Amino acid sequence: MTLRLVLVLMMVPVFWAQSSPRPKPRPTFQGKVVNAATGQPIPEATIVLAVPPERHTSPPPTRVTNTDAKGRFALWAVPTGAYLITASRRGFVDMGATGPYIKVPSESNEEIVFRLVPQAIIRGTVEDEDGVIPTGASVNLRRREFHNGGSHYKATNEARVRADGTFVLGGILPGHYYLAASSAPTGAIEPRQERTTIDTFFPDESDQASARLIEIAAGQELNGITIRLKSERLYSVRGHLSEIEKGSFQFFPRGGASPNQLRPIVNSNGSFEIRLRTGDYLIVGSATQKSPPKSTVSIYQTVTVRGDMETLAIHATDTTRTIRGTVRTEPGQNPGWNGSQPIFLLSSMISDWSNQGYGVNEDGSFQGDYMSHSLVDGEVRAGLYLPNPELYVKSIRFNGSDVTHQPFRLPYEGGEFDVSLASSAAGVSGVVQTAKGRRDKASCVTIWSTNEPVDGSSAFSATVPLGEEAKGSFQLENLPPGEYRINAWAEVGLGLASYPEFFKAFGSTAIRLTLKSGTQATVTLTAIPSHAWESQAWKLR
């Protein structure tokens, strides 16, 4: 009896331990890597966890692991901090980091999903018009990029042409491209050189607008491409310095690049000669005034070459291009700047780095200069930052023409703006969440008007980013009354999210809003994930 009781008591701890197992430890980060085109897992992908560059001294601390046969990975015991995580695999395009920093401890335990795109490859040959393989030539792809509601084509992938004339372009994302070949830069053109090799676009065009747009699918291999570099006649352009000396200047082709440095040699008597293709050129440089105090002056002028020229005068130019304008309110309306200065904005549609702002004075006037080639050579949009949330832009006119919410070109001589404001602006605020209901910080929000103007001009739209500090919250102010749609995007660039052909393609999933004068709406948006909008982006690019 006593022995049986002892055996029972000895079994109790064993039974208790078996019925209450310890919780299974969880990795700090876990996730998977899949093929963006097929959805299949990618084994042996390399996962790198790194401290952000601005938060460490060289070399950066990193941790590396690989995915298993099911494309899954895990990182354990990661110290508290903020990190970047990247995934890569040979044969796939390097897509960079997941986006913003990932923090430890994590605010959510969602797994990280990398969607790697199979790289496309283009193979071909380059030769000149005589069938000779050019030395030092290169090829590049030009892909559409988006800025402030506009787009332009920019060189992306590039490769050198081999000694046997062949080339291989890899790491290509799906999209639409122009393929171009360029000869090697040869320095200044010789004074008696009759022809020069020019950029040539597939299949056989000297102008990108006439070239064939190539559609590339994920993982596609395009072979057998042949490009024959074309040449064009050069014309003699002779001239002299007018009222200036010791000049140094260059000719920049407008609307395109040149493989040569278009810098003439200026003789001691101020004369020069250069050989150029036909086209429009911007002449930029500096010189010294002949008359006292012999200060340094700028050269900034244009010329059109259609044949030989004998008497081109290069002179000092006022390089500043001035705009001025007035911001007007409705009769009897107090603009109410709220102690903060409004800013008139000019935004380039071909470069995010060329935007310029001009402070608006208390009397509503503003004035300033612009020098950026992107503002002069490309289309721009005009807007106004208003610190008073009760006001909105009713109209903007430039040199008498309506440019409200639509692109236009700035002339070299500048011009005048007339901006009209109205009161009782509307607004929208809210939060952006993931499909699982968690607040999404890696997003931006686009709102656009469905009231299409009867005159054919562009409707109002605005795109705002959500920073880390916003924690998924957003606020849109200074909106004109009207009918709108609003959407949120995860991990998308501002340029793409503000492009009308992109955001209107998702109009059926957008929330519809009717904003009356002076009203404030509140919405909760679910961000469209990257894998859902990427296919539309590839169609546009």
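Rings of Phe, Tyr and Trp (its six-membered ring) count as a pair if their centres lie within 6.5 Å. In this predicted model, the structure holds 17 aromatic pairs. Two of these pairs and one cluster are set out below.

**Phe73 and Phe114**
- Phe73 and Phe114 form a tilted pair. Their centres are 6.3 Å apart, with 45 degrees between the planes.
- This pair links distant parts of the chain. Phe73 sits in strand 4 (residues 72–75) and Phe114 in strand 7 (residues 112–116). The two residues are 41 residues apart.
- Phe73 has 5% relative accessibility, so it counts as buried; the cut-off is under 20%.
- Phe114 also counts as buried, at 6% relative accessibility.

**Phe249 and Phe272**
- The ring centres of Phe249 and Phe272 lie 5.3 Å apart. Their planes meet at 80 degrees, so the pair is edge-to-face; planes over 60 degrees apart earn that label.
- Phe249 belongs to strand 19 (residues 244–253). Phe272 belongs to strand 21 (residues 271–276). The pair therefore ties together parts that are 23 residues apart in sequence.
- Phe249 is buried, with a relative accessible area of 1%.
- Phe272 counts as buried because its relative accessibility is 3%.

**Aromatic cluster**
- One aromatic cluster is formed by Phe344, Phe366, Phe398, Phe408 and Phe417.

Definitions and conventions: Residues numbered from 1 in each chain as written. Predicted model: local features only at pLDDT ≥ 70, side-chain atom pairs only at ≥ 80, totals over all residues. Heavy atoms only, no water. Phe/Tyr/Trp six-rings, centres within 6.5 Å; stacked < 30°, edge-to-face > 60°. Helix = DSSP H or I, 4+ residues; strand = E, 2+ residues; numbered from the N terminus. Buried < 20%, exposed > 50% of the residue type's maximum accessible area, 1.4 Å probe, protein only.
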